[in-house]
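This report describes one protein chain, shown below. It begins with a helix end and then turns to burial and the chain overall.

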Amino acid sequence: MFRPAFRLALVLALLRLAAPALAEETLLSDPFWPDLPSKSILIQYSLGGRFQGQEVLKIMGGKRVRLTWGSDTAFGLERKFRRWELEEPERIVSLDLIQNRGVSRANVRGILSRLWRELSPEEKLQTAWNLGALGSALSQLIGPGQVGSGEASFQGLPAIQVSLGGERFVYWAGTDLTLTENRQAAGLAWTKTALDVNLQAKLDPGDFKVPDGVTIVEEEDDEFVEDLAQRIIEILRRPVVQRVAPRVGEPAGSSSLSRAVLWPAPPPPGFREEAARWRLSPRWQPFPLPPPRRPWPAPGLKADALGFKAADLAALLEVVKP
């Protein structure tokens, strides 16, 4: 009932850096599993709409626990639920504490983070540069409606707002923590809003251990998620047509369109310098035109290469059920 769609979670992970003009130090930080402002954080949420209740998020030592309880009011009924979820860098364990059953699955963001840490500084910069474009392309291919993102504010905290179809998310800027969510479930709207954020919370390490006596089913998705993460990083770490990332140490705003297309026409015989041909005959033109005088993009390259790769990735994601 409360389990997020795999595709939606992945698209949101790729969208978070699309909004603000980012400084270089932000570009080189881990976009998939970012450092948090405190080693221990406690956030209390309220649920409204179709799902009514409370949620508590506890973070300590790289692990996250969510405890969500309340009722589902769809179709005029009131069905109680109580859900416990442990999120680690490589695994996510979700438990239904009413039925004492759970599911363990691979954490796609954590695996992306591991692969990101293996990249060179230049590849990390290129990854951040391409991240927003890939997220937008994916969301248009596999999600309804338009995608939007921009800076926002929530109770004095800097935030980023991301819209995907008819759903809206507000993230705490520089983190992957949601402050508000407006979502749809089976056509009915529900909201989640942060009520209190405690950066100096005293948490019990026992809260981050799987409760005893619960049957956990292992989902056989490790191989698929690992392959998916490898494909995503491979797309992001390389330059794409029409775009070039700033070099390490160069401000992000100084990038320009890539015109690094080879000039296959050799210079005329007897001329060692290209400028000599123009001094002799100003009307002489090689074929094709030299790079500075060519229309861009060149014929056959008018579609961004990242768009083609995003389409392949979207087709792969279509086989994943929410």
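## Helix H3 and its cap

Asn 107 caps the N-terminal end of H3, placing a side-chain oxygen 3.2 Å from the backbone nitrogen of Arg 109. The model is predicted, and the distance between these two atoms is computed from its coordinates.

Helix H3 covers residues 108-117, and 8 of its 10 residues are buried, so the helix is largely enclosed by the rest of the structure. The cut-off for burial is a relative accessible area under 20%. Arg 109, whose backbone nitrogen takes part in the cap, is itself one of the buried residues of H3. The others on the list are Val 108, Gly 110, Ile 111, Leu 112, Ser 113, Leu 115 and Trp 116.

## Leu 131 in helix H4

Helix H4 spans residues 121-142 and contains Leu 131. The relative accessible area of Leu 131 is 0%, so this residue counts as buried.

Leu 131 and Ile 233 are separated by 102 residues in sequence, while their C-alpha atoms are 9.7 Å apart in space.

## The chain overall

The chain has 322 residues, of which 43% count as buried. Its secondary structure consists of 7 helices and 12 strands.

Of the contacts between residues at least 6 apart in sequence, 59% join residues at least 24 apart. The exposed area of the chain is about 17100 Å², with carbon and sulfur atoms supplying 54% of it.

Conventions
Residues are numbered from 1 along each chain as its sequence is written. This is a predicted model: local features need pLDDT of at least 70, side-chain atom pairs count only at pLDDT 80 or more; totals for chains, interfaces and linings use all residues. Side-chain values use heavy atoms; hydrogens and water are left out. Helices (H or I, at least four residues) and strands (E, at least two) are DSSP runs, numbered from the N terminus. Buried means under 20% relative accessible area, exposed over 50%, partly exposed in between (1.4 Å probe, protein chains only). Contact means heavy atoms within 4.5 Å. Accessible areas come from the Shrake-Rupley method with a 1.4 Å probe; for residues, only the protein chains shown count as cover. A polar contact is a pair of N or O atoms within 3.5 Å; within protein, one must be able to donate a hydrogen and the other to accept it, and residues adjacent in sequence count only if both atoms are side-chain atoms.
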